[in-house]
Amino acid sequence: NNWQIVTTASYVPQMTVSNDRLSTIMDTSDEWIRTRTGIRRRHISQGENTADLATQVGQRLLAKAHWAPTSLDLIIIATMSPDSYTPSTAAIVQGFLGATAARAFDVSAACSGFVYALDIASRFIGSECHRVMVIGSEVLSKITNWQDRTTAVLFGDGAGGVLIETDPEPHLLGQHLATFGDRGNQLVAGQTRVNHQFPPTITDVSPFQMNGRAVYRFATHAVPISIQTALQNAGLTADQVDRFILHQANIRIIQQVARRLVQPMTKFPTNIDQYGNTSAASEPILLDECVRQGLIRRGDLVVLSGFGGGLTVGTMIIKY
Ligand SMILES: O=C(O)C1CCN(c2ccc(-c3cc(CO)ccc3Cl)cn2)CC1
């Protein structure tokens with residue numbers, strides 16, 4: 001069933017942490033972080049959890065679309081840093097917003113989460129489900145080991161999302177989702193352990209652990225293939241795309257993907273310098289900024305592509 005993105009919104013915690021400030025708590029430097037990742041600062045939550053960031057986005061979305069919360073049929077939150085095992089972050093947001101008619105659940109696909117959630121929403125939308133809220137929200141600072149300079153310098157907190165509604169015109173022109181579970185151990189966070197004794201003890205949440213080189217290599221290989229496959233599904237070529245909204249994981253990966261697709265960097269807006277890697281939130285935050293800055297207009301051909309934990313990759317071709 002056809003649907004359209006009605007509006008976009010985003011929200012980041014107020015406090016920013018510069019590279020220089022990080023270099024006072026771990027052995028790193030602004031020069032290293034900026035040249036190797038493109039990151040200059042990141043927003044770090046002070047007391048706001050994942051559902052709080054998502055609720056801010058939800059309120060902004062409903063206000064921009066002039067929708068009553070009770071008109072929502074479905075809320076999906078893509079996150080790898082939920083408030084709790086239960087209730088789901090989506091259920092908490094549903095309660096905070098008073099969206100009493102909406103079913104609500106989380107999608108866990110790390111940095112591909114927003115595309116996975118949008119794909120699921122597009123399969124729900126139809127005769128009984130007209131109005132859907134899809135948000136990517138992360139507080140990665142709570143699962144980061146702030147002594148591990150290989151990961152702590154990369155991540156930030158934030159949330160972004162869209163409202164989608166049934167539409168007579170097709171706007172989802174193609175997609176490609178893939179998961180490589182045999183390589184999942186290359187990017188792990190929040191791992192639980194089951195011990196042999198009885199009663200078992202509750203384990204604390206393990207911080208990020210990443211085989212950076214392996215994930216980097218995966219991304220530079222899997223993302224161009226995913227984008228080309230989605231374009232083929234849509235009967236389109238990269239030349240026809242107006243904007244590529246890629247997961248903001250690393251500036252060099254974005255440059256590498258642009259080269260592989262033989263496309264100019266002007267088609268690849270970036271904001272990793274401001275936010276760091278916000279996992280499932282990075283695409284909707286960037287999408288919202290592009291819409292607000294007029295870099296994406298109605299009728300534009302937009303590619304959304306996320307990649308990361310799972311390992312997963314997800315690409316969607318949308319006529320905005
Ligand atoms: O030494 C260097 O240059 C290092 C090399 C390693 N780097 C990496 C490696 C992987 C990621 C990454 C992370 C996620 C998790 O959301 C998803 C997707 C990716 Cl591709 C980000 N940076 C940083 C610079």
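Contact here means heavy atoms within 4.5 Å. Keep that in mind as we walk through this predicted model, where local features need pLDDT of at least 70, side-chain atom pairs count only at pLDDT 80 or more, and totals for chains, interfaces and linings use all residues. Residues are numbered from 1 along each chain as its sequence is written, and side-chain values use heavy atoms, with hydrogens and water left out.

**Two buried residues and their company**

Let's start with Leu311. Setting aside neighbours within four places in sequence, Leu311 is in contact with Ala178, Thr179, Phe180, Gly181, Arg183, Gly184, Gln186, Leu187, Val215 and Phe218. Its C-alpha atom is separated by 8.1 Å from that of Asp182, and the two residues are 129 apart along the chain. Leu311 is found in the loop between strands β12 (301–308) and β13 (312–319). A quick word on those names: helices (H or I, at least four residues) and strands (E, at least two) are DSSP runs, numbered from the N terminus.

Why is Leu311 called buried? Because its relative accessibility is 0%. The scale goes like this: buried is under 20% relative accessible area, exposed is over 50%, and partly exposed is in between (1.4 Å probe, protein chains only).

Asn19 also counts as buried, because its relative accessibility is 0%. You'll find Asn19 in helix α1 (residues 19–22). Leaving out neighbours within four places in sequence, Asn19 is in contact with Asp30, Ile33, Arg34, Ile39, Arg40, Arg41 and Arg42.

**Salt bridges**

Two of those contacts of Asn19, Asp30 and Arg34, also pair up with each other in a salt bridge. A salt bridge is a side-chain nitrogen of Lys or Arg within 4 Å of a carboxyl oxygen of Asp or Glu. How many turn up in a search of the whole structure? That search finds six salt bridges. Here are three pairs, with their N to O distances.

| Pair | Distance, N to O |
|---|---|
| Asp30 and Arg34 | 3.0 Å |
| Asp119 and Arg123 | 3.0 Å |
| Arg131 and Glu165 | 2.8 Å |

Asp30 and Arg34 both lie in helix α2 (residues 30–37), four residues apart, which is about one turn of the helix. Arg34 counts as partly exposed because its relative accessibility is 29%.

Asp119 and Arg123 are separated by about one helical turn, because they are four residues apart in helix α5 (residues 113–124). Are these two buried or exposed? Asp119, at 5% relative accessibility, counts as buried, whereas Arg123, at 59%, counts as exposed.

What about Arg131 and Glu165, which meet in a salt bridge? That pair links distant parts of the chain: Arg131 sits in strand β6 (residues 131–138) and Glu165 in strand β7 (residues 158–166), 34 residues apart. Arg131 counts as partly exposed at 22% relative accessibility, and Glu165 counts as partly exposed at 24%. Elsewhere, salt bridges that share partners join Lys64, Asp288 and Arg292 into one network.

**Backbone details**

Now for the backbone. Which residues does a cis peptide bond join? One such bond joins Thr86 and Pro87, with omega about 0°. Pro87 lies in the loop between β4 (74–78) and α4 (89–97). Another cis peptide bond joins Phe198 and Pro199, with omega about -10°, and Pro199 is found in the loop between β9 (187–188) and β10 (209–210).

His66 has a phi near 55°, a positive value in a residue other than glycine. His66 is in the loop between α3 (50–65) and β4, and counts as exposed because its relative accessibility is 73%. Ala110 also has a positive phi, near 45°, and is likewise a residue other than glycine. Ala110 lies in the loop between β5 (103–107) and α5, but counts as buried because its relative accessibility is 10%.

**A charged patch on the surface**

Finally, the surface. Arg36, Arg213, Arg217 and Arg252 gather there in a patch of positive charge. Patches of this kind are made of residues with over 30% relative accessible area and no salt bridge, with like charges joined within 9 Å. Lys and Arg count as positive, and the place of an Arg charge is taken as CZ. The areas come from the Shrake-Rupley method with a 1.4 Å probe. One of the patch members, Arg213, is found in helix α7 (residues 212–234) and counts as exposed because its relative accessibility is 68%.

Conventions: Patches are made of residues with over 30% relative accessible area and no salt bridge: like charges are joined within 9 Å, nonpolar side chains (Val, Leu, Ile, Met, Phe, Trp, Tyr) within 5 Å.
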